[in-house]
Amino acid sequence: MTAALTTSTPSTLTWTDWSCTVSVATPDRRDAAVARAIVRSLMGQVDRAVSRFRDDSDLSRVNAAAGQYTFVSPLTLRLVDVALRTAADTAGAVDPSLGADLAALGYDNDIDVVRARRNGSAPTPRRRPWSWRDIKIDHKLRRVGVPEGMRLDLGATAKAWTVDEAAQRFRSYGVRSALVSIGGDLAVAGVPPRDGAWQIDVAEFEGAAGVRVGMSGGAVATSSTMGRRWHRADGVAVHHLVDPRTGLSARGRWRTASVWAPTCLEANVASTWLLVDPDAASAHVAAKAHAARLVAHDGSIEIIGCWPASPPEVSS
Amino acid sequence: MPAQTTHRNLPASGWPQIADSEIFHRYASDREVMALTNPRTNLLRRARLWLVGAVAVGTGASVAFTAAAAANQQDRSSGSSGSGTGTSNGSPPDDFSGGNSNNGTGSQDQGTPNNNQQGGSGFLGLFPGGGGRSHGSSHAS
């Protein structure tokens, strides 16, 4: 993937990678370059491990060798572990075995390429004799295997894990305070900036109007059916959030979910889950004392937990 | 001893696989048994354990002594050191909408957390954003 780098303020560095905007913000401008180097390095490692769109990634090799075990890197093993744990925690709602369904919907390449062409066929009866539970992981020999016909996709967890891991690494590299955002999934590390809080604009998709919240710690992630959308060959608009029960784009009662949680992984899992299985995910968010802002298809807003009732609005 | 392979058909997924991990376990356990039953290896192993144990005991004693000295010093200098546990429970405060004592009252300070109340990394908060420029943006990509 190409990465274009721009400098917008002395302490914020922004570039593009993984087809999304990546940024780091630090109160101390000297820390920004270090934070950026940490994030870029980590994203490169994760890309080589589990990108669906490069043939030499571990994940592509696992998918290509379906039916057999494939030796993988420790990072890949860890990311598959995270994905399996997430699937178990969400009763399969956030499922890493949906790669074939995404490809059938047309999402078989970088999203910019997918958007530029009409792709994907109308749904056909789905044959899925396995589930995420059939993903095999051999920790001793560091191998992963999937049944024939299954294709892994770790998109629901790998990006958020990368955000959390970057935030962890900041501390060990001496970055005292930083915010990292990959495609709108963000986490903060260290003490807040001098004015006491990180200011976060929360919107349905990049460039849209939204609200501003402050946070002193933790992470915020947003999932939306309004973001990664494209048109199938028959002209029907679809999106990338797949309901494991149908293999089709999820059609829950909310179109966008923004969640605050202690970690970006928890936030992103909850935001995805809320769009796939609203009732179960709502109970989970409330029980975990997370906070969520939900946008229904008619544009109305619902709040779960301690999300600020009337945060200031910000224009696009 | 040559390792024996077994073929196993795992249910519901079409997995005609050699259970390689069984070979690994057998190989590993054979080596372990050989090491334990070899008198010379066993002697070296015992010596190494004694050495590690002695270092651990020495280090532990040193740490304990240092901690005790520090505690005594603190008691003498401050009188009441307190427990120092803070409120690191991983949950946000009940109300982040501004107006409570933790979040300040003035318009400039509304929603600003009191860093002194963090009590460790467990304090995590979300509240109405203030003025000034935003530092980040959460959105679907």
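Leaving out neighbours within four places in sequence, A:His290 is in contact with A:Val259, A:Trp260, A:Ala261, A:Pro262, A:Glu266, A:His284, A:Val285, A:Ile304, A:Gly305 and A:Cys306. The model is predicted, and chain A has an average pLDDT of 91, with 94% of the residues scoring at least 70.

**Surroundings of A:His290**

- In chain A, the loop that holds A:His290 runs between α8 (278–287) and β17 (291–296).
- The relative accessible area of A:His290 is 2%, and the residue is therefore buried, since the cut-off for that class is under 20%.
- A:Leu248 lies 42 residues from A:His290 in sequence, and the C-alpha atoms of the two are 28 Å apart in space.

**Cysteines**

- Over all chains, a search of the whole structure finds 0 disulfides.
- A:Cys20 has its closest cysteine sulfur in A:Cys264, and because the distance between the sulfur atoms is 11 Å, they are too far apart for a bond.
- A:Cys264 is likewise in no disulfide, as the nearest cysteine sulfur, which belongs to A:Cys20, is 11 Å away.
- Both cysteines are buried, A:Cys20 with a relative accessible area of 5% and A:Cys264 with a relative accessibility of 0%.

**Confidence at the start of chain A**

- Over residues 1–9 of chain A, pLDDT stays under 50, and for these residues the model has 23 contacts beyond four places in sequence.
- Predicted coordinates should not be read in detail where pLDDT is low.

Note on methods
Residues numbered from 1 in each chain as written. Chains lettered and ligands numbered in written order. Predicted model: local features only at pLDDT ≥ 70, side-chain atom pairs only at ≥ 80, totals over all residues. Heavy atoms only, no water. Helix = DSSP H or I, 4+ residues; strand = E, 2+ residues; numbered from the N terminus. Buried < 20%, exposed > 50% of the residue type's maximum accessible area, 1.4 Å probe, protein only. Contact = heavy atoms within 4.5 Å. Disulfide = S-S within 2.5 Å. pLDDT = per-residue confidence, 0-100.
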